[in-house]
Each structure stands twice: as structure tokens, then as C-alpha cells.
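Reader: Please take one strand of this model and examine it closely, in particular its neighbours and its charged side chains. I would rather have one connected account than a list.

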Amino acid sequence: MRYLYQIPRIIPALLIILIFTGTAAAQMFSVGSAPQADRSPDPLNSLTLNYVFADFSYFDNVTPDVPEVLYDFNGPLYRVQYENPLLNVYGMIGSSLGEDNAVRVAGIGVQLSAYLPIYMRPRFRALLPAMLSTDYLLIRTSETAGTNQEFAQNTGYIGTGLQFDIRARENLRLQSKSLASIGYMVGTFGSDGGVSYKFEQQIRIFIDRLFGNAGLALGTDLRYIRYNSNNDNFMYDLQQISVVAGVTF
């Protein structure tokens, strides 16, 4: 586990190396597919609202006892997300969850990405992304708020995966990202830590330039996160299926 502390030192250098090729790759796909030299570049920014079907469940099978407070829930979360090829920022909330409708959820996160082009053609490209991200997830009830019993975890991740972009028509793009990350988690009160694993599958449909440079972004996200804390009270799995809709610009 001590090697995880090297993550902040390793990934910035990797991102610096890849960020220039990643930016160039994004521009190559946009410009290379243009039938006319004066064609507007594809919008690279999106702002989306996500309706998230979430399942949060305690998973510890090592110790026979379960925590005094369980935050298990199955219900909706709401996520606002800004994305461009290099930056992803989100905020997430949920309330009235769990068996007694007492669980409240809040989360924020930032992800930086860079890309290594693998295969580039005017209507298809494959990229190898490298990501550095940090997430904060807070889950509590009114009774546990502000105490060391609330689930309040900061996690820093390093990850990679595969991304495929397809241009079906001049104003229609399809994107698929498969991502895997590993991270180190630290509780807000500093008394516990652990390892977290995150796996994501993202599908996007971009319909470009419907209103000037503005278009539509539609899609779905599948996300699985394991919080493998060294504190038995905070060992949880989070599974999410998101419906994504928003605008590009």
C-alpha cells in the first residue's frame, strides 16, 4: 500500500507528457473529418444533468459483526457534470434514502485527463487515456452528521482505459470510454484509510451544432466503486447506472 503514496509524484509527469498529444488528437479528429476548410470545429465542452440509479451496500465478509450504523440504500442520486477532453468536474446529491429515508448523500469530484493516440482516421479514432482524479463522498444521517460515524471519504485515483470515437455523420458523433482506476482513500477525521477501486463505462451521443455552436449530449454511465477501508465501518460498494442529458458548446 505504501506505493500508493507515490501516485501524486508519478501522474503529473505523465499528464504533462500526454497532454500535448491529447489536445492534438482532439483537434485532429475535428479537423481531419471536415469536408470544408472553413467548417467549424466540433464543440469540446458539455454540461449535463445525470439521473443516477445508485446502490450503496456494506460488503465486509471478514468480520462477523456489522457496524452499529449502516448506510445501505438503493435509490436515486442527482449529478451535475461539466466535461471537456481534459477536465471533468461534478457535484452530486441525494436525500431521503435508506430503509428509514434518513440517509443523505453529497459528492464532488475533479478529474484531469490526457490521451495517447493509438489509431487515428477521419471517422474513427482509438485513444489511451491517463487520468488523475479526486473524489469526496459524504454519506450521513441527522444523527451521525459531524461525528466519526459518518461516511466521509476523500479518494485520489490514478487510472487508464480505452476510448473510441466514431463520426457517424458530420454532426453526429459516438463515444465510448472504458476506464479503470485505483486510489487511496482517507477519512475526513484522519483515523482511517484504505484502497478504492473504480470501474466505469461511458457511452455518449453528440448531436452537434443544432443551435449555432450548441448541440446535445446524450448517454449513459455505468460505474462501480469499492471502498475497501481499513476501518470495518466504512467498507462499501457503490454501483451506479446514470442517464445523461445535456448540451454541448
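Author: Helices, of at least four residues, and strands, of at least two, are taken here as DSSP runs and numbered from the N terminus. With those labels, isoleucine 166 in this predicted model lies in strand β6, and the strand chosen for the close look is β8, which spans residues 193-211.

The setting comes first. The chain contains 1 helix and 10 strands, and from the N terminus on the helix precedes the strands in the order α-β-β-β-β-β-β-β-β-β-β. Of its 249 residues, 43% are buried, and among the contacts with a separation of 6 or more, 64% are between residues 24 or more positions apart.

Strand β8 pairs with two other strands. Strand β7, residues 172-187, runs antiparallel to β8 and is joined to it by 15 bridges; within this pairing, alanine 180 stands opposite phenylalanine 199 of β8. The pairing of β8 with β9 is also antiparallel and extends over 15 bridges, and here valine 195 stands opposite asparagine 228 in β9. Strands β8 and β9 form a hairpin that leaves 2 residues between them, and glycine 212 in the turn has a positive phi of about 65°.

The charged side chains add further links. Of the 13 salt bridges counted, one joins the side chains of aspartate 42 and arginine 209 at 3.3 Å, N to O. This pair brings together distant parts of the chain, since aspartate 42 sits in the loop between α1 and β1 while arginine 209 belongs to strand β8, 167 residues apart. Aspartate 42 counts as buried because its relative accessible area is 7%, whereas arginine 209, at 25%, counts as partly exposed. The same loop also holds serine 40, whose C-alpha is 9.1 Å from that of arginine 209 although the two are 169 residues apart in sequence; serine 40 is partly exposed, with a relative accessible area of 40%.

A salt bridge of 2.8 Å, N to O, connects arginine 173 with aspartate 208. Arginine 173 lies in β7 and aspartate 208 in β8, so this salt bridge ties together parts that are 35 residues apart in sequence, and both residues are buried. Asp42, Arg167, Arg173, Asp208 and Arg209 are linked in a network of salt bridges. Elsewhere on the strand, lysine 198 meets aspartate 135 in a salt bridge of 2.9 Å, N to O. This pair also links distant parts of the chain, with aspartate 135 in strand β5 and lysine 198 in β8, 63 residues apart, and both of these residues are buried as well.

Strand β8 has a nonpolar side to its account too. A nonpolar patch on the surface, with about 1,000 Å² of accessible area together, includes Ile205, Leu210 and Phe211, and β8 supplies the largest share of this patch, 3 residues. Strands β1 and β9 each supply at least two residues of the patch. Ile166 is another member, and isoleucine 166 counts as partly exposed because its relative accessibility is 37%, a value between the limits of 20% for buried and 50% for exposed.

Key. Residues numbered from 1 in each chain as written. Predicted model: local features only at pLDDT ≥ 70, side-chain atom pairs only at ≥ 80, totals over all residues. Heavy atoms only, no water. Buried < 20%, exposed > 50% of the residue type's maximum accessible area, 1.4 Å probe, protein only. Contact = heavy atoms within 4.5 Å. Patch = residues over 30% accessible without salt bridge, like charges linked within 9 Å, V, L, I, M, F, W, Y side chains within 5 Å. Areas by Shrake-Rupley, 256 points an atom, 1.4 Å probe, with all protein chains shown as cover. Salt bridge = Lys/Arg side-chain N within 4 Å of Asp/Glu carboxyl O. Pairing = 2+ DSSP bridges.
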